[in-house]
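Student: I would like a close look at one part of this model, followed by an account of how other parts of the chain are placed. Please give the cut-offs as you go.

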Amino acid sequence: MSPTVSAGFILIYALASFGALLVLLTPSLESLALRINASVPVDEAPGVLGTVLAIGLVLQVLALPVIGRLSDRTRSRFGRRRPWIVLGLTGLLAGALVMALVPNMIGLTIGYAVVSVSGSSCVAALLAVMSDRVPVRQRGLVSAFLGLGTVGSLVVGSVIVALLPSNSGGMFVVPAIVGAILLALFAALMNDRPSSNDAPFPKVTTAMVISTFWVSPRRHPDFGWAYLSRFLLQLAYAFLTTYQAFYLISHLGTAADDVPGKVLTGTLLLGAATIVSSVLAGRLYDKLARRKVFVITAAFITAGALLLIAGANDLTLFYVGLVLGGIGYGGYTAVALALATDVLPNPDDAANDLAIFNTATTLPQALAPGILAVAAQSYSVLYVVAAAVAVVGGFVIFRVRAVR
């Protein structure tokens, strides 16, 4: 049985996760949209944003399992996870500088691609720490705090963008500096067992390459159903957050100059609701040792939030929808990573398998732009479809047999 982790470890672990996500999510939430909206015609901006995000997110989907596999197989006196965190934070800084200093579409695309791959390096290593260090009896609590890192990154990213001069390079660089500092702190303080004396690096085979990107749902059905549930719920949530800026401009008629402030207000409301919901759900999760009830409840709350936003005709209803969405998302994130570690096919490949599982978070963000196009640029249709997706994602979790 793994020893109990301390409150100090949980704090710096959550801060490191927050730091990585701050650099990854701030561009996709707001800063890229603002830079693109100022550079191309308004009717072309959503398509350009979708292209930039899709390239970066596809790279994340590809990089996460590869880096996870490499992390599991790393032989280093510095440990298995630390080298990839340090490499990743260096790349995050470099990518942010490119986006800040090369403001055309090529610069934004290249910079976001570098940030995506570098962030994947950090995320893959950080995900594995849950399996490496955290005992089962604490995974609900730790998962909840890591979930707070997600919403915290959205809130702090919005604050940074709102406080900086309009459309400045600082909205890319400042989050990167903050994130790099927090990641460096965790890398310095974490207890990452040196692995120089481990078994030799295994021979690379075709089966190993395939398994880097694939866990057979036939052989591991619980992992497959948990993955599908997460994918669908994250797809619904991607609609709730990714297009806030364009929703405000196109659907509610908000002036572009007012968007940062409105997004900040909405993100603060969503963040506060997520924090309260996540902490409460995480504590109940460890006490009750039940997973499915949290997932299905979160799915229905999220669906209700999306339906409310679909019919919103003013900011008040939009904000109420975000609060409900935060409650639903907080309840889900409190158990998401803990549930994933419960259904891992092979604990020795924790980083790789958790990285594959985390593609259920990044893939929906890459697919969201295409689904928006199918919805004929109608945000009302988009959010109704997203609500249905959330409900299906909730029911899918009942197919997982290994957890209650």
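Student: Which residues of helix H14 are buried?

Tutor: The buried residues of H14 are Tyr379, Leu382, Tyr383, Ala386, Ala387, Val389, Ala390, Gly393, Gly394 and Val396. Buried stands for under 20% relative accessible area, exposed for over 50%, and partly exposed for what lies in between (1.4 Å probe, protein chains only). The model is predicted, so local features need a pLDDT of at least 70 and side-chain atom pairs one of 80 or more, whereas totals for chains, interfaces and linings use all residues. Residues are numbered from 1 along each chain as its sequence is written, and side-chain values use heavy atoms, without hydrogens or water.

H14 covers residues 379-396, and because its 18 residues should span 26 Å at 1.5 Å a residue, the 26 Å between its end C-alpha atoms agrees with expectation. The expected span is 1.5 Å times one less than the number of residues. Helix H11 (residues 292-310) can be read in the same way: it has 19 residues and reaches 27 Å from first C-alpha to last, close to the 27 Å expected. The buried residues of H11 include Phe294, Val295, Ile296, Leu306 and Ile309, along with Lys292 and Thr302.

Now the protein as a whole. It has 14 helices and 0 strands, so every element in the run from the N terminus on is α. Helices (H or I, at least four residues) and strands (E, at least two) are DSSP runs, numbered from the N terminus. Of the 404 residues, 59% are buried. About 15,600 Å² is exposed, and carbon and sulfur atoms supply 69% of that area; accessible areas come from the Shrake-Rupley method with a 1.4 Å probe. Among contacts (heavy atoms within 4.5 Å) with a separation of 6 or more, 85% join residues 24 or more positions apart.

Individual residues show how the chain comes together. Helix H2 (residues 45-73) holds Gln60, which counts as buried because its relative accessible area is 6%. With neighbours within four places in sequence left aside, Gln60 is in contact with Leu24, Pro65, Tyr112, Ser116, Ser120 and Thr362. Ala45 is also placed in H2, and Ala45 is buried because its relative accessibility is 0%. Not counting residues up to four places away, Ala45 touches Ile36, Asn37, Val40 and Phe246. Ala33 lies 12 residues from Ala45 in sequence, with 7.6 Å between their C-alpha atoms.

Gly271 belongs to helix H10 (residues 259-288) and, at 1% relative accessibility, is therefore buried. Outside its neighbours within four places, Gly271 is in contact with Val151 and Val155. The C-alpha atoms of Gly271 and Tyr329 are separated by 9.8 Å, and the two residues are 58 apart along the chain. Pro135 sits in the loop between helix H4 (105-133) and helix H5 (139-163), and its 2% relative accessibility is why Pro135 counts as buried. Thr4 is 131 residues from Pro135 along the chain, yet their C-alpha atoms are 6.4 Å apart.

Next, the aromatic rings. Rings of Phe, Tyr and Trp (its six-membered ring) pair if their centres lie within 6.5 Å; planes under 30 degrees apart are stacked, over 60 edge-to-face, and the rest tilted. By this rule there are 7 aromatic pairs. Phe9 and Tyr13 form a tilted pair, 5.4 Å centre to centre with 40° between the planes. These two residues are about one helical turn apart because they lie 4 residues from each other in helix H1 (residues 7-37). Both Phe9 and Tyr13 are buried. Phe395 and Phe398 make another tilted pair, at 6.4 Å centre to centre and 40° between the planes. Phe395 is partly exposed because its relative accessibility is 45%, and Phe398 is partly exposed at 38%. Ring pairs also link Phe9, Tyr13 and Phe186 into a cluster.

Last, the surface. Leu97, Leu101 and Val102 make a nonpolar patch of about 280 Å². Patches are made of residues with over 30% relative accessible area and no salt bridge, joining like charges within 9 Å and nonpolar side chains (Val, Leu, Ile, Met, Phe, Trp, Tyr) within 5 Å; a salt bridge is a side-chain nitrogen of Lys or Arg within 4 Å of a carboxyl oxygen of Asp or Glu. Leu101 is found in helix H3 (residues 82-101), and Leu101 counts as exposed because its relative accessibility is 66%.
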